[in-house]
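Biologist: I am new to reading structures, and I would like a close look at one loop before we look around the rest. Could you walk me through it slowly?

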Amino acid sequence: MWPQNWRDEIWSRLDQPWDVIVIGGGITGAGILREATRLGLRTLLVEQRDFAWGTSSRSSKLVHGGLRYLKERKVRLTRASVRERKRLLQEGPGLIDPLGFLLATYQGDRPGRWTYSAGLSVYDLLALQWSHRHYSADDFQMLAPHISRAGLKGGFRYGDAQTDDARLVLRLIQEGVADGGVAINYVAAEKLLREGDVRGVRLRDQVTGRTAEVYGQVVVNATGAWADRLRAQVGGQAAIRPLRGSHLLFPAWRLPVAQAVSFLHPVDRRPVFIFPWEGITLVGTTDVDHDQPLDDEPHISPDEVAYLMAAVEAQFPALELTLDDVISTFAGVRPVIGTGKEDPSKESRDHVVWTEDGLLTVTGGKLTTFRLIALDALKAMRDRLPDMPPPDDRMPVLKPVILEMPGAEHLDEAARRRLLGRYAADAPALVAAALPGELEPIPGTQTLWAELRWAARAEGVLHLDDLLLRRVRLGHLLPEGGEEYLPRIRAICQPELGWDDARWQAEEAAYLQLWHTCYSLPDRAALPDWRAMLAQAQARQAAARPTRRRQILKRSALAGGGMAVALLLPFLYRRRKKAAHSSALSSSSHRSSTSTK
Ligand SMILES: Cc1cc2nc3c(=O)[nH]c(=O)nc-3n(C[C@H](O)[C@H](O)[C@H](O)COP(=O)(O)OP(=O)(O)OC[C@H]3O[C@@H](n4cnc5c(N)ncnc54)[C@H](O)[C@@H]3O)c2cc1C
């Protein structure tokens, strides 16, 4: 898609008048580019680092309604999310795929079975489906072998979905570009330009340092957690509360789950997920105030590692997982609108659309609802773009992909589906470009060697971390960031990227340094003792949980109380009737005495 010299070619075209200039190449910006180009709007998207470099490559990768939103009575958000999920599942197989969720219930759990049952029924009804089912403890353990058996009462299974977030962003950008849009990475919006209201932006190419001034009818601030920076230029009050969420990644053979396992963390009763993704197992997430500088790549803190290890230990004690089992880690920053709530998890995850002096800020929200967020943004542009045709809700979100892939006949159905979902219209070219042996998976992953060649050739890669962390996810999936395979990766990619030896070596050193700082475990000496943390939490819970004797006493007290009320009812009824009769008599005598006066 991005041929040789693409950056210079785009740069030479920047001075045209744009309808929409989108700042930020995460899912929000990509969604707006996609929907705006669909309507024929001349749209430019700029991203200061790599496409999806921000939060949109660091999410939990779930395309879901989110049961927790239902618990917070966010019925509209949940309904919108589950309906988007359905569309995406239909339109993007191989990129958005079904994922079963298991929800265990334990003795003394609050909420318990019936609350979950009611919640899941509503969840399913909102999606116009019926996917959930309850299982006894024995059956549930067959679905989730190794799960903690202590106090297990049973559990539910229900259906949700997952994706590769960075590839989803890229697919939207590619489809937007195919429909006439322009997108460029490593270009930052430095300064908003005003003609009365905001009408343009001064851009800086982060590679060459060159600058350009571009103008459009609408300037959209889709910079996620960075949104306050541009808003400050129009006098906007800071509103974002950056909240970090981190994950631990384990090899599937050490933490084997065939579907997601969801449970309440023993320390703070927040929902935590353990789920399969791309052949490994992800554990997440945390929700803490992010006090690292926003321009540095976020990374997991020692406290978060301990919190997630405690979760794994509580749910899968028999596996005896240790830090040596962790393959990698990653952290992302949620762009949440802060309202000063003490508990970060209580802050709303809704998106906002604000217009301030002509600057349209679109932030917050979820990956899952990117299309709805984009449609809201377009609605807010209407007064600036009165000739814009109305969006057609029936249009597919993702372009249908029905393609032959000559040369890929020997790949199994799952691998072919994965290629079509992730590379869409480019999948046949990817297969055609593969040299002998490159349609084999890289050991321990589902990624084909050929994906590396294609990404290096045609997907706008500027640095090695773009390639290994976002185009393909080897930096997450392989121990030590895939260092073992760097010689073969180099043999495939260096000629495609046109880098000389010195450039390759510098990129490799920078990538490994980044991986060790932000994608591996922090210094082990700094880690709190999660087993002690867990033991304390479990002791607290045990103390709070009513004992069997107390439960029996409580139940008998309730039953006794109920019986007493039942026995007393006829007596109380008669007393009430008698009292009513005498009061009727006295009031009629009162009325008559009044009338006789
Ligand atoms: C840990 C975690 C887990 C999550 N899990 C899920 C999930 O499972 N499902 C779900 O639906 N949602 C999930 N979310 C929410 C979702 O990931 C985010 O809401 C979404 O990715 C935000 O996208 P965005 O485009 O607004 O921001 P970003 O992806 O951060 O994009 C903003 C971009 O703007 C760029 N930028 C900033 N300033 C400038 C500038 N001056 N010039 C040019 N570019 C600029 C940044 O570099 C960045 O790439 C999760 C979030 C987190 C943190």
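Modeller: Happy to! Let's begin with alanine 52, which sits in the loop between strand E2 (43-46) and strand E3 (62-63). Please keep in mind that this is a predicted model. Alanine 52 is not a glycine, yet its phi is positive, at about 65°. That is worth a pause because most residues other than glycine have a negative phi. Is alanine 52 buried or exposed? Its relative accessibility is 1%, and buried means under 20%, so alanine 52 counts as buried.

Now stay with this loop and turn to the ligand. Serine 56 and leucine 62 are both among the closest of the 36 residues that surround the ligand, together with Thr28, Glu47 and Thr368. A polar atom in the side chain of serine 56 is 2.5 Å from a ligand oxygen atom. With leucine 62 the backbone takes part: one of its polar backbone atoms lies 2.7 Å from a nitrogen atom of the ligand. Leucine 367 also uses its backbone, with an N or O atom placed 3.0 Å from an oxygen atom of the ligand. How much of the ligand does the protein bury? Taken alone, the ligand exposes 1000 Å², and 96% of that is buried by the protein. Helix H2 (27-38) and the strands E8 (187-195), E11 (240-251) and E16 (328-337) are the elements that each give two or more residues to the shell around it. Sorted by class, that shell has 19 polar residues, twelve nonpolar ones and five charged ones.

From the ligand we can move to the nonpolar cores. The largest one has 67 residues, and the members that touch the most others are Leu14, Leu44, Leu203, Val220 and Met381. Helix H10 (residues 370-381) provides the largest share of this core, seven residues. Take leucine 14 as an example: setting aside residues up to four places away in sequence, it touches Leu44, Leu203, Ala212 and Val214. There is also a second, separate core of 66 residues, including Val82, Phe275, Leu452 and Ala458.

Does the backbone hold other surprises, and where are they? Glutamate 278, in the loop between strand E13 (271-277) and E14, has a positive phi of about 55° although it is not a glycine. With a relative accessibility of 7%, which is under 20%, glutamate 278 counts as buried. On the other side of strand E14 (280-284), threonine 285 is found in the loop that leads to strand E15 (288-289). The peptide bond that joins glycine 284 and threonine 285 is cis, with omega at about 0°. This is another feature to notice, because most peptide bonds are trans.

Let's finish at glutamine 494, which belongs to helix H16 (residues 486-497). Its relative accessibility is 12%, so glutamine 494 counts as buried. The side chain of glutamine 494 makes two links worth finding on your screen. One is a polar contact with the side chain of arginine 490, at 2.6 Å. The other goes to the backbone oxygen of tryptophan 499, at 3.0 Å. Once its neighbours within four places in sequence are left aside, glutamine 494 is in contact with Ile489, Trp499, Asp500, Asp501 and Trp504.

Terms used. Residues numbered from 1 in each chain as written. Predicted model: local features only at pLDDT ≥ 70, side-chain atom pairs only at ≥ 80, totals over all residues. Heavy atoms only, no water. Core = buried A, V, L, I, M, F, W, Y, C linked by side-chain atoms within 4.5 Å. Buried < 20%, exposed > 50% of the residue type's maximum accessible area, 1.4 Å probe, protein only. Helix = DSSP H or I, 4+ residues; strand = E, 2+ residues; numbered from the N terminus. Contact = heavy atoms within 4.5 Å. Near = heavy atom within 4 Å. Polar contact = N/O pair within 3.5 Å; in protein donor to acceptor, adjacent residues only side chain to side chain. Areas by Shrake-Rupley, 256 points an atom, 1.4 Å probe, with all protein chains shown as cover. Nonpolar A, V, L, I, M, F, W, Y, C, P; charged D, E, K, R; others polar.
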